[in-house]
Amino acid sequence: MAAEDTDVIPLLTPYKMGEFALSHRIVLAPLTRDRSYNNIPQPHAALYYSQRTTNGGLLIAEATVVSDTAQGYPDIPGIWKKEHVEAWKPIVDAVHQKGGIFFVQLVHGGRVSTHDYQPGGKAPLSSTDKGLTPGLHGVDWSPPRQLTIDETRGIVNDFRLAARNAIEAGFDGVEIHGANGYLIEQFMKDQVNDRTDEYGGSLENRCRFALEVTEAMIKEIGAKRVGMRLSPYSDFNEAGDSDPDRLGLYMANALSKLDIVYLHVIEPRVVGSTVIEGCADDQLLPMRKVFKNTFITAGGFNRTTGSRAVAEDGADLVAYGRLFLANPDLPTRYRLDAPLNAYDRSTFYTSDPVVGYTDYPFLQQA
């Protein structure tokens with residue numbers, strides 16, 4: 001922003017996230033787009049992400065699976081093979097050429113999967129053998145199989161290797177997906193995890209897997225390149241917890257001690273893609289206070305509420321999903337307080353490489 005600007009909204013002020021100098025506080029949230037055919041990132045993704053890149057802006061790439069057992073949705077990108085790494089490189093380059101900072105979200109879906117997505121048609125892997133209801137797109141989720149202790153260590157290694165691959169592809173860092181009812185959260189939440197071994201029962205045991213993944217990735221690529229996303233208050237994908245306040249605070253404190261670069265937390269008022277009105281605005285403050293590094297919040301924010309979150313020290317950065325999807329120049333529109341494009345939910349998860357993906361107009365085109 002120019003020095004003469006006197007009415008700059010808090011969202012558009014500079015911020016230092018570890019070693020990364022950000023020019024504003026608007027973050028592209030990780031958004032599943034289902035357009036990476038056969039798990040291979042496609043050239044159209046380079047246009048999609050570069051459209052949403054500003055010099056000094058932070059983008060988090062869509063959930064990217066860490067192994068052949070991690071997938072639960074169609075055409076989501078992978079990062080466990082050499083061909084995945086090579087396919088990501090020009091996409092990352094397109095963002096870097098415009099001065100963006102680019103992290104990638106790494107995920108294992110766990111029980112949020114079907115036999116069709118699993119190697120050899122086997123059962124999905126989880127912390128539990130309890131299945132999900134209802135199914136996806138009219139197809140029932142397949143009953144999962146509870147991981148053995150040795151197998152959990154193998155998946156920790158999958159995350160570690162995926163982090164290494166992400167850096168090789170050129171990403172500035174990685175975000176561990178510990179939210180939305182996927183594998184890591186299946187271990188953390190007591191309404192899913194029914195284990196009786198060292199990964200179940202107490203809060204400390206249930207969080208063990210998430211922290212082992214984090215520690216392995218830190219050892220591989222360094223804490224300054226690792227972030228994590230959490231949703232302690234959500235019951236998305238039937239992953240609820242009886243004491244989300246305690247869970248969130250425990251994880252925020254543990255992750256702060258590990259010195260990861262950021263903690264990205266979904267607001268309590270957001271369940272999946274639904275915003276529930278009337279929830280307290282300050283429910284994440286205890287997590288915010290104990291986590292010493294960058295705190296990112298996400299969930300239903302607009303220009304006014306996002307600026308308020310920054311101004312009142314509720315967060316350092318604010319992640320935008322649907323609004324950034326539909327407005328590739330969102331920071332510019334917020335600077336000018338310009339009208340926004342409406343998003344089309346029916347095109348969120350199609351496989352079209354253009355429609356609902358790279359065809360949203362910029363302000364000068366609208």
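This report describes the nonpolar cores, several strands and helices, and the salt bridges of a predicted model.

## Nonpolar cores

In soluble globular proteins, nonpolar side chains tend to be buried together. The largest nonpolar core of this model holds 92 residues, and Tyr49, Leu106, Phe171, Met251 and Tyr320 touch the most other members. The greatest contribution to this core comes from helix α5 (residues 203-221), which supplies 10 residues. Another core, of 16 residues, lies apart from it; its members include Ala29, Ile101, Ala298 and Ala319.

Phe171 illustrates the surroundings of one such core residue. When neighbours within four places in sequence are set aside, Phe171 is in contact with Ala61, Ile79, Trp88, Val92, Phe102, Phe103, Val104 and Ala166.

## Strand β14 and its partners

Strand β14 (residues 317-320) has buried residues on both sides: Leu317 and Ala319 point one way, while Val318 and Tyr320 point the other way. Ala319 belongs to the core of 16 residues, whereas Tyr320 is a member of the core of 92 residues.

Strand β14 pairs with strand β3 (residues 26-28) in the parallel sense, over 3 bridges, and Leu28 has Tyr320 as its bridge partner in β14. Strand β13 (residues 294-298) also runs parallel to β14 and is joined to it by 3 bridges. In that pairing, Ala298 stands opposite Ala319. Together with helix α8 (residues 303-311), strands β13 and β14 make a right-handed β-α-β unit.

## Helix α1

Helix α1 (residues 43-51) is largely enclosed by the rest of the structure, because 7 of its 9 residues are buried. The buried residues are His44, Ala45, Ala46, Tyr48, Tyr49, Ser50 and Gln51. They pack against strands β3, β4 (58-65) and β5 (101-107), and against helices α2 (82-97) and α9 (322-326). Tyr49 has already appeared as one of the residues that touch the most other members of the largest nonpolar core.

## Salt bridges

Side chains of opposite charge can pair when their charged atoms come close. The whole structure contains 19 salt bridges, and three of them are listed below.

| Salt bridge | Closest N to O distance |
|---|---|
| Lys81 and Glu83 | 4.0 Å |
| Asp241 and Arg206 | 3.2 Å |
| Asp337 and Arg303 | 3.7 Å |

The pair of Asp241 and Arg206 links distant parts of the chain, 35 residues apart: Asp241 is in the loop between β9 (226-230) and α6 (244-258), and Arg206 is in helix α5. Asp241 is buried, because its relative accessible area of 11% is under 20%. Arg206 also counts as buried, at 5% relative accessibility.

Asp337 lies in the segment after α10 and Arg303 in helix α8, so this pair ties together parts that are 34 residues apart in sequence. Asp337 is exposed, with a relative accessible area of 52%, and Arg303 counts as partly exposed at 21%. In the remaining pair of the table, Lys81 is partly exposed at 38% relative accessibility, as is Glu83 at 42%. Salt bridges also link Lys82, Glu86, Lys89 and Glu168 in a network.

## Asn341

Asn341 is placed in the segment after α10 (330-336). Asn341 is buried, with a relative accessible area of 14%. A polar atom of its side chain lies 2.8 Å from the backbone oxygen of Pro361. Apart from neighbours within four places in sequence, Asn341 is in contact with Ala326, Asn327, Arg333, Tyr360 and Pro361.

Note on methods: Residues are numbered from 1 along each chain as its sequence is written. This is a predicted model: local features need pLDDT of at least 70, side-chain atom pairs count only at pLDDT 80 or more; totals for chains, interfaces and linings use all residues. Side-chain values use heavy atoms; hydrogens and water are left out. A nonpolar core is a set of buried Ala, Val, Leu, Ile, Met, Phe, Trp, Tyr and Cys residues joined through side-chain atoms within 4.5 Å. Buried means under 20% relative accessible area, exposed over 50%, partly exposed in between (1.4 Å probe, protein chains only). Helices (H or I, at least four residues) and strands (E, at least two) are DSSP runs, numbered from the N terminus. Contact means heavy atoms within 4.5 Å. Two strands pair if DSSP finds at least two bridges between them. A crossover is right-handed if, with the strands pointing away from the viewer, the path from the first strand over the helix to the second runs clockwise. A polar contact is a pair of N or O atoms within 3.5 Å; within protein, one must be able to donate a hydrogen and the other to accept it, and residues adjacent in sequence count only if both atoms are side-chain atoms. A salt bridge is a side-chain nitrogen of Lys or Arg within 4 Å of a carboxyl oxygen of Asp or Glu.
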